[in-house]
Each structure stands twice: as C-alpha cells, then as structure tokens.
Amino acid sequence: MGELTLFRSVLTVLVVLVFAYWCSRLLAKQYIKTSGSGCLQVIEQLQVGQNQRILLIKLGESNYLIGVSQAGIQFLAEVKGDFETEALRPVQEKPVQFPFRDVFDRYLAGHQKKEGEDK
C-alpha cells in the first residue's frame with residue numbers, strides 16, 4: 001500500500017464518520033421499533049449508581065419495580081396505583097427566575113443601605 005496523502009486521509013475519515021452516522025441512525029430505528037411495541041412500558045427510571053437503575057414497569061394492568069445492574073435483573077416489588085408515562089405527563093412550568101439585573105440592584109440597594117447606617 002502506498003503512502004496516504006493528506007487528501008486521502010481526510011477523505012477516509014469523512015467516509016468513516018458518514019458510515020458511523022448512518023449505522024447509528026439505522027440502529028436507532030430498530031431500537032424504536034422493538035422498545036415501544038407490546039404491553040410492556042417503562043414508566044419511570046432512576047439511576048442509582050454508575051451501572052445501576054431502578055425501573056418502574058407497567059405490564060398489562062400491573063406495575064412492578066425492577067432493579068437492573070451488571071449482576072443482572074432483579075424483581076423488587078409489585079406497586080399498586082396508577083402512574084402516568086412520561087409522554088402523558090403535563091409539562092411542568094419552569095421555576096420563576098429573576099433577571100440578573102433585578103437581583104444585582106437589590107443587592108446594591110441593601111449594601112448601600114448598610115453603608116449609610118454605619119456612618
């Protein structure tokens with residue numbers, strides 16, 4: 001094999017990146033097809049460690065807590081009650097945030113007031 005020129009090297013890297021992007025899109029489509037079908041739904045999941053999660057799963061009319069880690073999958077408990085999936089949950093309003101200018105003006109007013117009392 002001959003020496004690679006700069007152009008060939010850049011072209012090779014671009015081809016590999018485009019191929020990786022195409023493969024990831026293809027795999028994502030396959031994952032979506034298999035993960036959303038059937039009567040099994042993941043309602044909520046909580047990361048409790050680096051490779052550990054707790055899943056709230058709805059299977060038919062029953063809800064189950066499942067622990068998932070590198071050691072395997074473990075049944076934790078059956079949970080009673082109705083739970084909403086993330087798609088059906090209403091969008092929560094963002095907390096009220098004060099503009100920086102208002103907060104800064106209040107700080108300056110309080111600071112100037114303290115300096116006036118000290119004199």
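## A four-stranded sheet and its contacts

At 68% relative accessibility, Lys80 counts as exposed, because the cut-off for that label is over 50%. This comes from a predicted model. Lys80 has a charged partner. Its side chain meets the side chain of Glu78 in a salt bridge, with 3.8 Å from N to O. Glu78 has a relative accessible area of 42%, so Glu78 is partly exposed. In general, side chains of opposite charge can pair when their charged atoms come close. How many salt bridges does the structure hold? The count is one.

**The chain as a whole**

The protein chain has two helices and four strands. Along the sequence, the pattern reads α-β-β-β-β-α. The protein chain counts 119 residues, and buried residues make up 7% of them. The exposed area of the chain is about 11200 Å². Carbon and sulfur atoms supply 61% of that area. Now take the contacts in the chain with a separation of 6 or more. Residues 24 or more positions apart account for 11% of these contacts.

**The sheet**

The four strands form an open sheet. Their order is β1-β2-β3-β4, and the pairing is antiparallel. Which strands stand at the edges? They are β1, residues 40-49, and β4. Each has a single partner strand, so one side of each is left without a neighbour in the sheet. From one strand to the next, the twist averages 25°.

The table goes through the pairs in order.

| Strand pair | Sense | Bridges |
|---|---|---|
| β1 and β2 | antiparallel | eight |
| β2 (residues 52-59) and β3 | antiparallel | seven |
| β3 (residues 62-69) and β4 (residues 72-79) | antiparallel | seven |

Individual residues show how the strands line up. Gly49 has Gln52 in β2 as its bridge partner. Ile54 is matched with Gly67 in β3. Tyr64 stands opposite Glu78 in β4. Glu78 is also the residue that forms the salt bridge with Lys80.

Next come the turns. A hairpin of two residues links β1 to β2. Between β2 and β3 there is a hairpin, again with two residues between the strands. Gly60 lies in that turn and has a positive phi of about 70°. A hairpin also joins β3 to β4, through two residues.

**Asn63, a buried residue in the sheet**

Asn63 has its place in strand β3. Is Asn63 buried or exposed? Its relative accessible area is 4%, so Asn63 is buried, since buried means under 20%. Lys80, at 68%, counts as exposed.

What does the side chain of Asn63 reach? It reaches the backbone oxygen of Gly81, at 2.8 Å. Gly81 is also one of the residues that Asn63 touches, leaving aside residues up to four places away in sequence. The others on that list are Ile43, Leu56, Ile57, Lys58, Ala77, Glu78, Val79 and Phe83. Glu78 thus turns up in several places. Glu78 touches Asn63, stands opposite Tyr64 and pairs with Lys80 in the salt bridge.

In general, the side chains of a regular strand alternate between the two faces of the sheet.

Notes
Residues are numbered from 1 along each chain as its sequence is written. This is a predicted model: local features need pLDDT of at least 70, side-chain atom pairs count only at pLDDT 80 or more; totals for chains, interfaces and linings use all residues. Side-chain values use heavy atoms; hydrogens and water are left out. Two strands pair if DSSP finds at least two bridges between them. Axes are lines fitted to C-alpha atoms, for helices over the stretch in contact, and angles run from 0 to 180 degrees between N-to-C directions. Buried means under 20% relative accessible area, exposed over 50%, partly exposed in between (1.4 Å probe, protein chains only). Contact means heavy atoms within 4.5 Å. Accessible areas come from the Shrake-Rupley method with a 1.4 Å probe; for residues, only the protein chains shown count as cover. A polar contact is a pair of N or O atoms within 3.5 Å; within protein, one must be able to donate a hydrogen and the other to accept it, and residues adjacent in sequence count only if both atoms are side-chain atoms. A salt bridge is a side-chain nitrogen of Lys or Arg within 4 Å of a carboxyl oxygen of Asp or Glu.
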